[in-house]
Amino acid sequence: MTTCPHDVPRPESAPVVRESVPHPPNLPPVEQLIAQGSSAKVYRVSPTEVLKVFEPDVPPSMVDREFAAAACVAALGLPTGEPLGQASIAGRSAIRYRFVEGRPLMSIVSAQPYLALPVMVRLARLHAAMHRIRVGDRLRPQLEVLRTDI
């Protein structure tokens, strides 16, 4: 089993404290929106970087936990977008991530349904590998997060 280091080294480009990135006081243009969910929108802000901007009702502690978890996962070498730092955009919490080139799984499966099973198997193996990693007390257990924050 792999263990998450207690002091996950931050990448050289990641600030230790929150920073305000030089940005207008509004969100990035809608043309840059590449994904969205119930708690955040993701914008492609450069060829190598995306910005995940959280909704105003998402508590900063939740954003901090996501950043810590992403930094831990990236430090362990799992295939993920590397977190580059935290920011504040238009009064909202945000996380800067390195952009990962690829196609959304749903677009692959929709275009080539015969790939659904191999894609699901690959995703399940990655998911299982992630759950084999021990992070010690660096992150709160998921059940506790679900019980208190969701």
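**Exercise 1. Determine which residue of β5 is the bridge partner of E49, and describe how β3 is joined to its neighbours.**

Solution. In this predicted model, the bridge partner of E49 in β5 is R98.

Step 1. The pairing of β3 with β5 is antiparallel and comprises five bridges.

Step 2. Strand β3, residues 49-54, is also joined to strand β2, residues 40-46, by six bridges, again with antiparallel direction. One of the pairs that can be named here is K41 with V53 of β3.

Step 3. The connection from β2 to β3 is a hairpin of two residues.

**Exercise 2. State the order of the strands in the sheet, and identify which strands lie at the edges.**

Solution. Step 1. The sheet is open and consists of five strands, ordered β1-β2-β3-β5-β4, with antiparallel pairing.

Step 2. The edges are formed by β1 (33-36) and β4 (83-89), each of which pairs on one side only.

Step 3. From one strand to the next, the twist averages 25°.

Step 4. Helix α1, residues 60-75, packs on this sheet and touches β3, β4 and β5 (92-98). The direction of α1 makes about 165° with that of β4.

**Exercise 3. Decide how many residues of β3 are buried, and sort its side chains by direction.**

Solution. Step 1. Strand β3 is mostly covered, as six of its six residues are buried.

Step 2. A general principle applies to the sorting: side chains in a regular strand alternate between the two faces of the sheet.

Step 3. In β3, one group pointing one way consists of E49, L51 and V53, while V50, K52 and F54 point the other way. Both groups are buried.

**Exercise 4. Classify L33, A90 and L105 as buried, partly exposed or exposed, and describe the setting of each residue.**

Solution. Step 1. L33 belongs to strand β1. Its relative accessible area is 26%, and since buried requires under 20% and exposed over 50%, L33 is partly exposed. Beyond its neighbours within four places in sequence, L33 is in contact with K41, V42 and Y43. The C-alpha atoms of L33 and Y43 are 4.3 Å apart, although the two residues are ten residues apart in sequence.

Step 2. A90 is located in the loop between β4 and β5. With a relative accessible area of 39%, A90 is therefore partly exposed. Its phi is near 50°, a positive value in a residue other than glycine.

Step 3. L105 is found in helix α2, residues 105-111. A relative accessible area of 40% makes L105 partly exposed. Outside four places in sequence, L105 is in contact with V119 and L123. The C-alpha separation of L105 and V119 is 7.7 Å, for residues 14 apart along the chain.

**Exercise 5. Report which interactions of aromatic rings the model contains, considering ring pairs and a charge over a ring.**

Solution. Step 1. Over the whole structure, the search yields zero aromatic pairs.

Step 2. The ring of F99 has the charged end of R44 over it, 3.5 Å from the ring centre.

**Exercise 6. Assess the confidence of the model, and explain why residues 9-24 require caution.**

Solution. Step 1. The protein has a mean pLDDT of 80, and 79% of its residues reach 70 or more.

Step 2. Over residues 9-24, pLDDT stays under 50. The model nevertheless has 28 contacts beyond four places in sequence for this stretch.

Step 3. Predicted coordinates should not be read in detail where pLDDT is low.

Technical notes:
Residues are numbered from 1 along each chain as its sequence is written. Side-chain values use heavy atoms; hydrogens and water are left out. Rings of Phe, Tyr and Trp (its six-membered ring) pair if their centres lie within 6.5 Å; planes under 30 degrees apart count as stacked, over 60 as edge-to-face and the rest as tilted. A charge sits over a ring if NZ of Lys or CZ of Arg is within 6 Å of the ring centre and within 35 degrees of the ring normal. Helices (H or I, at least four residues) and strands (E, at least two) are DSSP runs, numbered from the N terminus. Buried means under 20% relative accessible area, exposed over 50%, partly exposed in between (1.4 Å probe, protein chains only). Contact means heavy atoms within 4.5 Å. Two strands pair if DSSP finds at least two bridges between them. Axes are lines fitted to C-alpha atoms, for helices over the stretch in contact, and angles run from 0 to 180 degrees between N-to-C directions. pLDDT is the predictor's confidence in each residue, from 0 to 100.
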